[in-house]
Amino acid sequence: MAMAAVGIGGGGGGALGLLAPRRRAASWSGAGGAAAAAARRRPLVAVVRASYEAGVGVMATKVGMMTYFDPATGKPVPVTVVGFREGGNVVTQVKTAATDGYDAVQVGYHGVREEKLTRPELGHLGKAGAPPLRHLQEFRLQSVDGYDPGQPLDFADMFKEGDLVDISGKSIGKGFQGGIKRHNFKRGLMTHGSKSHRALGSIGAGTTPGRVYKGKKMPGRMGGTKTKIRKLKIVKIDNDLKVVMIKGAVPGKPGNLLRIAPAKIVGKNIPKN
């Protein structure tokens, strides 16, 4: 036992001494070693390209889907009805490059009682002269000219029938689903002695690589994520009912919050670079 203790404690002898990592002197000597050390100390600079919106948008609430008959042609058009809750959309903050480092317009939506918000939230909205609002969204722009805190935003003044919009929302959650429903996998034979019907199958090799690759399509949670559908057409704006009809389906179930912004078209309202 004493000899084993001496062998382990020794710097160059014993089992641990043989397994200890050793630095190569050549890599740390001379100008090459100094340059390598300086490169390790140099901070990494991440290049982030700003994603601008085509314009200021609004928030709305999904009401449901229906069939709209085009008065000109009489053809049925599947539309999603979008409404606006009490309080509407209000500009709550205007950010500029001089004060915040970038230009953006913050919009609030859905009026609520003061008891529903915290004091910091009430102070932030009160500074802009806005009523208590539940939701806040930010639209990053190239210029914020023409927008002031407390300014109400009307959908009919910002968009017209025939315009294209990008709509974001939270998709309907499906829970834990298998590979067939989640990734459109093909099932196996149901007869002829097959024992693999809806099972996933092989998910990787054995010894090499001996693991499952990241991102492998497998069963798991489906839905319930932020989803954007681009270039949807505005079919009808009803100012009396304060609803908007948009062609096609939008993310989420009735009652979900939606973010509506002008559609991005590179080269037209978004620069190519």
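Me: What makes strand E3 (89-95) largely enclosed by the rest of the structure?

Reply: Five of the seven residues of E3 are buried, so the strand counts as largely enclosed by the rest of the structure. Buried means under 20% relative accessible area, exposed over 50% and partly exposed in between, with a 1.4 Å probe and protein chains only. Strands (E, at least two residues) and helices (H or I, at least four) are DSSP runs, numbered from the N terminus. The model is predicted: local features need pLDDT of at least 70, side-chain atom pairs count only at pLDDT 80 or more, and totals for chains, interfaces and linings use all residues. Residues are numbered from 1 along each chain as its sequence is written, and side-chain values use heavy atoms, with hydrogens and water left out.

Me: How do you know that E3 and strand E4 (residues 104-111) pair?

Reply: Two strands pair if DSSP finds at least two bridges between them. Six bridges join E3 to E4, and the two run antiparallel, with Val 91 opposite Val 107 in E4. E3 also pairs with E6 in the antiparallel sense, over two bridges; here Asn 89 stands opposite Leu 153.

Me: Why is Glu 53 called buried?

Reply: The relative accessible area of Glu 53 is 12%, so this residue is classed as buried. Glu 53 lies in the loop between helix H4 (30-41) and strand E1 (58-69).

Me: Which residues does Glu 53 touch?

Reply: Contact means heavy atoms within 4.5 Å. Not counting residues up to four places away in sequence, Glu 53 touches Phe 139, Arg 140, Leu 141, Arg 259, Ala 261, Lys 264 and Ile 270.
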